[in-house]
Each structure stands twice: as C-alpha cells, then as structure tokens.
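Let's take a walk through this model, starting where the chains meet and then moving on to a sheet and an overall fold.

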Amino acid sequence: MSKAIDVVRAVEMVPDGASILMGGFLAVGTPRRIIEEIVRQGKKHLTLITNDTNRPGIGNGMLIDAKCVDRLIASHIGTNPETQRQMIAGELQVELCPQGSLCERIRAGGIGLGGVLTPTGVGTVAAEGKNVTTINGKDYLIEMPIKADFALLACRRADYRGNLDYSLTARNFNPIMAFAGATVIAEPNEIVPIGVIPPDDVITPHVLVDYIIERRSANGR
Amino acid sequence: MEDKVLIAKRVAQELHDGDLVNLGIGLPTLVANYLPHGIEVYFQSENGVIGMSKVPGKGLEDDYLIDAGGIFVGALPGACSLDSCTSFSLIRGGHLDVTVLGGLQLDEQGQLANWMIPGKMVPGMGGGMDLATGAKRVIVSMNHSAKGVSKIVKKCTLPITSTRRVDLVVTELAVIEPTEKGLVLKETAPGVTIDQILAATEAKLIIPEHVGEMSIPADL
C-alpha cells in the first residue's frame, strides 16, 4: 500500500488547535508545500515546536505571519521580528529552549524516556521553573519530554513504503521528530520505488512514517 | 590592523591540528580565515555538518548546505552530515575541542553573557548555552568595550549563558585568562600598555610579573 497522498488531503487531517513538530533550521529541511497549504486552509491555534521561525514570509515564518500559531516552542526567534512582535504583544506564547535540550526533549518523547538530564542551562534563566537534580556532584536540569499530534517533516527521498533519507544540513531535527509525532507526514523532494534507497542509507525507517506528500496534488498545484 | 582581524588572528593561534571547532555567529566566524599554516581543523556547524568550508565558488551554493547563521557554506571531502541530536551530542558530550563565542559581558568569575538584553533583544539562546557549557575549551572573542563601556565587568548584569568559567578571552586590547583566583592578564595587544588595559576594564585584573605581547605570525 502506498503512503503517498496529496498535500491538500494531508493538511485537511490537521485540526485547528493541533500540536505540530516541524523539521527545519532556518527553512532548510522545512516542508514548504505543507506550510503553504496550512496557510491556505487557514489553520488556527496551532502549537508549533520547531528550532526557529526563520524570517517573515519564508518557511515556517509564513505560519507566524498568518497567525496560525498560538504557542511556540523554539530555540531561536532572533531572525524573525514578527515572532518577537507577536510575543511582546501577547498574541503568541513563546517558550525558548536551548537547542541541544530541545532536540533531546523531542527524542525523549519519541523513544519512551521520561525526560532529559542536562547540564545546559543550569543557573541561567533557562532553568526557571525547572527542577534540578545532582548526580555524582554535578547539577543537571530536568527537561520534560515533548510529543505532538503531528510531525511534519521534509526529506530528500522517500520510497513508497516511507523510508526516508536527507540532504546535508536539511536533516537537522527531522529524523528525531519522526519518532515523536502521533501522525508523521513527510514531504520528500522525490518519491522513488521501494528498494531504490539502499538499506544502509535509510535514515528514517518506514515504520515511523504514516504519509508522504505526492510531488503534485491532483489539481496540479 | 582592524580590531576584529587582530582578534581573529590571535584566536586562530589557539587551534591545533585535528581539532573539532565550532565558531559562533559574527566575529568568531572570521577565525577560519587566519588558520596557522600546516594545521588542519574540522569546523562543525551545529545545524548538522562537520567539515564545513567556504562556498567553493559563485553559483555553487547548495540549497541544503548552510551554517548556523543561515549563510551558504561548502563542505570539504570527508565532511559528514549530522542530525541535531548527534550534533549536540558532540557539543555537550565533550567531543568538541574548541568553541569560539562572541560576548556581551564577561565577569570576574569568567562567566559569559552573550545571548540576551532584557527588554531590548530576546532572540533565544539557540545553541549558545550548549556550546558554552559543553565544549572542552570556550574562547570568547569580542571587543573590549561597547560605546566606551567595558564589557569585562565585575559581575554580569545581563543574563548569563552558562555558569561555566570560560577558558580564554581575546579582545583588541588584551588576552585574558579567567582562573579560580580571577581574571589574569596574559598578553597585551601590540602597542597597548597595561595601564591602558586597566583603564578600559571594569573588572579587577590580576597582573602577573610577566605579561607578554600578542604574537601574530607576519605571514597570516
């Protein structure tokens, strides 16, 4: 059975208020067609968990522009003045998390661990409201795991069974998020027949992936 | 010599053959231009590559290859791609030999503030807290003062990046080593006196008997 569906149908599955893990680092490795379709369908009240919000009008910055997002968990918003404006105006709730802790929280959520103990952030504002534990004389922050209703990923190739590979720095959070979304949708640059991606080159195993976005939707967009 | 070039050239002298190195955004990225001759270091960008280089030529940018500042970069033969957890495992796990970070303030305890100005600039810490906490060596490269105000202070008034004591600070005036006892002046910039450095520094500096002058190879 093929997992390929068109982008319109894929985004129709995402209800208002859903939580979304979205791959990408400054829009490299971000599912652009899914983002455009979320904006077109006018989704609202989303919780977005992603590394950064890029720039206005580009990549997931479009979701901020279109006010699709009520709550954001990210490590960096410095490149997007609109994210900061909405945060200061109280329109957007933002939780900033160190990048290494953010990806490990997502990993923990996806692999059945109860959280992460990390030295990063101890004694800084990143520790506010978090518990600290001491192991062998060293302090660690207890960071909570993250899961979401959807993981929306970008990849280089997918085969029709859903095996994924990635390009260079477009890999970033994508293979980690593939474990942590209840429904996982990947937007590949190319869909190839099963067997074309050699087993040793598969980075995200197909069992994690529910849907892959067809190259073109039925109405030609 | 321009201040930032002097700083970059001096920081580059701290790198050793075979080091895995992560350069922060801004001034630290200049360090890659002035590597000592005959050494090979591996540049990591935390968004997922080891073996980063400059873009090999105009028009040869790759849509999927950027550094952590969003700038197109190249990759050398032998480069490798990493997911974010692997990249930060290298950083936090003690596998990163050196990180060079910019700074807003550095204090007598050797603690760095470099990511936030409350009420003015709240960009998020990105990977900075992990780098400042986890790298084997943290080198801060920054101007000694901002608008006439010393950035080397008694106690950071801006939110710190990590409680960890950084290993070395290089400015256009001085090389300073934070130690258990406080900030030790190690070197003066060419043509700069110890008195000038003391006058430009809010923090207390420990002045050892011998203070060297920054040595920059002439052919860099």
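**Where the chains meet**

In this predicted model, the contact between the two chains draws on 31 residues from chain B and 35 residues from chain A. On the chain B side, two helices, α2 (84-92) and α3 (128-134), each chip in at least two residues. The largest share of that side comes from α2(B), with five residues. As for chemistry, the chain B residues that touch chain A split into 13 nonpolar, 13 polar and five charged.

Staying in chain B, have a look at the open sheet of three strands, ordered β7-β6-β11, where the pairing is mixed. β7 (112-113) and β11 (152-153) of chain B sit at the edges with a single partner strand each, so one side of each has no neighbour in the sheet. Zoom in on β6 (residues 105-107) of chain B: two bridges tie this strand to β7(B), and the pair runs antiparallel. You can pick out Gln105(B) standing opposite Ala113(B) in β7(B).

Now over to chain A, which has six helices and twelve strands. Its radius of gyration is 18 Å, close to the 17 Å that the globule rule gives for 221 residues, so chain A is as compact as a globular protein of that length. If you'd rather think in box dimensions, the C-alpha trace of chain A spans about 55 × 40 × 25 Å along its principal axes. Buried residues make up 52% of the 221 residues in chain A. And if you count contacts in chain A with a separation of 6 or more, 72% of them link residues 24 or more positions apart.

Notes. Residues are numbered from 1 along each chain as its sequence is written. Chains are lettered from A and ligands numbered from 1 in the order in which they are written. This is a predicted model: local features need pLDDT of at least 70, side-chain atom pairs count only at pLDDT 80 or more; totals for chains, interfaces and linings use all residues. Two strands pair if DSSP finds at least two bridges between them. Helices (H or I, at least four residues) and strands (E, at least two) are DSSP runs, numbered from the N terminus. Two residues are in contact if their C-beta atoms, placed from the backbone, lie within 7 Å. Ala, Val, Leu, Ile, Met, Phe, Trp, Tyr, Cys and Pro count as nonpolar, Asp, Glu, Lys and Arg as charged, and the others, Gly among them, as polar. The radius of gyration is taken over C-alpha atoms; the globule rule is 2.2 Å times the number of residues to the power 0.38. A residue is buried if 20 or more other C-beta atoms lie within 10 Å of its own, exposed if 12 or fewer, and partly exposed in between; C-beta atoms are placed from the backbone.
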